[in-house]
Amino acid sequence: MEESLTPVRSRSRLKDALTGAAIAGAIMFGLCFPILAFRTDQNFSNELYLLSRWPAVAFAVGLVFVLRFTMLLRAPRAARPQAPPSPTLAGALQRLARYAGGAGVLALIAFPLVMVALLGPAGAQKWIDNFGIQILLYVLLGWGLNIVVGLAGLLDLGYVAFYAVGAYAYALLATYFGWSFWLCLPVAGLLAAAFGVALGLPVLRLRGDYLAIVTMAFGEIIRLVLTNWTALTNGDAGISSIPRITFFGWPFIAGPNGFAALFGLKFAPVHRLIFLFYLILALALCVNYLTRRLRKAPLGRAFEALREDEIACRSLGVDTVATKLTAFALGASIAGMAGALFAARQNFVSPTSFTFMESATILALVVLGGAGSQLGVALAAIVIIGGSELLRELDGLKQIFGPAFDPTQYRMLIVGIAMVGMMNWRPRGLIALRTPSIFLKKPKLVVGALAGEGRG
Amino acid sequence: MARDKAPLLIVDQLTMRFGGLCAVDALDFTARGGEITALIGPNGAGKTTLFNCVTGFYRSCAGRIALARPDPDSPGAFRADWREELEELTRSTRRSARLEGGEIFLLERMADFEIVKRAGVARTFQNIRLFRGMTVLENLIVAQHNRLIGPALDLAGRLGFGAYRARERAAIETARFWLDRVGLIDRADEAAGALPYGAQRRLEIARAMATAPTLLCLDEPAAGLNPRESHELTALLLSLRDDHDVSILIIEHDMSVVMAISDHVVVLDHGVKIADGTARDIRQDEAVIKAYLGVADEADIAAMGA
Ligand SMILES: Nc1ncnc2c1ncn2[C@@H]1O[C@H](COP(=O)(O)OP(=O)(O)O)[C@@H](O)[C@H]1O
Ligand SMILES: [Mg+2]
């Protein structure tokens, strides 16, 4: 019986796969047609003319057809039951996570020194700035948003607003009043926290999608205010010549009063970057430590309980209003400090750095890393931010695809494909296991599928 | 049952409307301290709505919900009749008043979390609401949130340092006690969402008890339990009343449970109270038989435990 059925089944699967692939191909054609098929260009007499690109359309449709076909053929009929990870595997993962954390910190501490040793002070500059500082800033932002989204389950799509508040706080206070960076850093954090509460208050009653929309609008409002309040912010032109960061009063300049002279070093611009790198690293590690402590404290547990079930929280006497506001304020203050560091790194801020894309990127780090997982978010930042920076370095590909090929243009495409893939294979993010905050006998990891995603 | 116990919860003329629908209509009833009061009635009678009003999840449209909370340290000192003080409190704009040996509250003036925190009313839900991704132990620790956070200015405590350690140890002991009581101590480190249904029901009761309530409101706790489990539940509830000094307000459809444990039964139908008395009285009440069962069918009356 069994054997006689098999060929029939495989034939029908072949048929199903073909239809499925054809549908996917048709959808791809529908998508491609308006985007890819035609392109306007200008000829020498400045006339627009239409350029058709049918081979590109055929390639895209064909690719989708083949991919979908193989996927459908390989997929087993019934949905695979999601086997929870075995305890030994979970234990191994947890141990690995512990070592990965420690090793990661060591690697980060060594990173600038290794770069300088390998590439010399001038060559290392790019790597420390574009990779090191850039990634660390995103790790910091991701960890801040992780408190709001990952722990408290409040979907915030306007997180970049607090980053902007911090950046402009430093830019304005330092340029107009000459406040030092060390004073501005906590002020930026506090100011952003105040904005967090200001946002939190009106949206407390909103949940899930509604909260996401309003926070997104809030992010846009802040950006538009920064763009249009030209008297204060200089609008789209931004604020330039923000005072550079100093080493506790010693500026990073050549000369007898500079940092290099203080330590008897030969002046190199990379010193400032290395200092900034370690500063952000120190702040990130502080944030990480405090978040880990928070998870074992009543407030952090209340955050997680809020994510799991807000109504149950209220029935147990948890003041959900205060708890949500605290989550917003904590997350915002971290973004605010990251913003101050961002302004100190660029010496220039303008509203274009704080678009919705930034919020989406930071949220992607949290979601891809595994909401609630500190290590996961850091890994996601390294992969996504580092990966898209690496694309800039792939100029060699021009030799294959022609001089018009610009790998950075494919950045978002690759991130998008990575997202789709991740959500397919690891829907709960890279690290989908939750470590209990307290235990009687032995901590058992909780499978991510059980944990709530938060509706409020 | 002796009816000389002090009133604990006094509901006066409570009304709750949803648009045109009057879910609870000018309801009066009293639940006494140290008793198990059962609230029964057909589906849609307004029982859960009443719970939501008492626990502050809904703002009632009219009426008064008053609760007395004797101090746990001096249980005997609280007066049996606090009607007069209640009238005085109602005229004022305050939410609570201190009397000798206890405190009285007007619950309709309080927010939901304050009702748990200050007035000591804990509840469970008709559809179980556990923190599914947190462990059994964590569920009970969150229930002790207010005791754990300590004074408002104890910032070190907020982050888990200093005096927090001792508070946390006490909370773990409380959790251990209640887990032992409901037979879940061996599963303390498992995710709540991974427990079987009956265990989840018991965990929800343990979690409510961990808030150290004066009044425990249970919304259909025996729903979906097998006969052995509902027998155990009966024993548990009686022991909560007798050994742990908790008064219970229970919504329940399983008549064998209601008859076995309740000191006092209130029957609702379409938001209106149609009967109020001991389990024995209710069983023989014509109006109840008619309303609750639709038609008085011999088999259904038998099911009521008559
Ligand atoms: N939030 C609400 N909005 C509108 N109608 C509601 C709401 N809650 C309850 N009701 C209505 O009130 C009536 C009583 O419901 P409920 O209290 O849940 O009954 P039960 O006695 O079965 O617990 C029902 O008709 C129900 O539809
Ligand atoms: Mg109900």
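How many nonpolar, polar and charged residues does the shell around ligand 1 have, by class? The legends below take up this shell and then two empty spaces of the model. The model is predicted, local features need pLDDT (the predictor's confidence in each residue, from 0 to 100) of at least 70, side-chain atom pairs count only at pLDDT 80 or more, and totals for chains, interfaces and linings use all residues. Residues are numbered from 1 along each chain as its sequence is written, chains are lettered from A and ligands numbered from 1 in the order in which they are written, and side-chain values use heavy atoms, with hydrogens and water left out.

**View 1. The shell around ligand 1 in chain B.** By class, the shell has five nonpolar, five polar and one charged residues, where Ala, Val, Leu, Ile, Met, Phe, Trp, Tyr, Cys and Pro count as nonpolar, Asp, Glu, Lys and Arg as charged, and the others, Gly among them, as polar. Among the residues around ligand 1, counted if a heavy atom lies within 4 Å of it, are F18(B), L21(B), N43(B), K47(B) and Y58(B). Two elements, β2 (21–32) and α1 (47–54) of chain B, give two or more residues each to this shell, helices being DSSP runs of H or I with at least four residues and strands runs of E with at least two, numbered from the N terminus. The most comes from α1(B), with three residues.

**View 2. Polar atoms of chain B beside the oxygen atoms of ligand 1.** The pairs described here are polar contacts, that is, N or O atoms within 3.5 Å. An N or O atom in the side chain of T49(B) lies 2.5 Å from an oxygen atom of ligand 1, while backbone atoms of G44(B) and A45(B) come to 2.8 Å and 3.2 Å respectively. Ligand 1 taken alone exposes 560 Å², of which the protein buries 62%, by the Shrake-Rupley method with a 1.4 Å probe.

**View 3. The second largest pocket, with chain A residues closest to its centre.** About 1,400 Å³ of space lies in this pocket, an open set of points on a 1 Å grid over the protein atoms alone, with protein on both sides within 12 Å along at least five of seven lines; its volume is the space filled by probe spheres set on the points. Of the 33 lining residues, which have an atom within 4 Å of a point, M28(A), A60(A), L63(A), L413(A) and I417(A) are the closest to the centre. By class, the lining has 27 nonpolar, four polar and two charged residues, and α2(A) gives the most to it, with nine residues.

**View 4. The largest cavity, lined by residues of chains A and B.** About 40 Å³ of space lies in this cavity, a set of points where a 1.4 Å probe fits but cannot get out. Its lining includes P298(A), R301(A), I141(B) and H145(B), and α10(A) gives the most, with three residues.

Note on methods:
A polar contact is a pair of N or O atoms within 3.5 Å; within protein, one must be able to donate a hydrogen and the other to accept it, and residues adjacent in sequence count only if both atoms are side-chain atoms.
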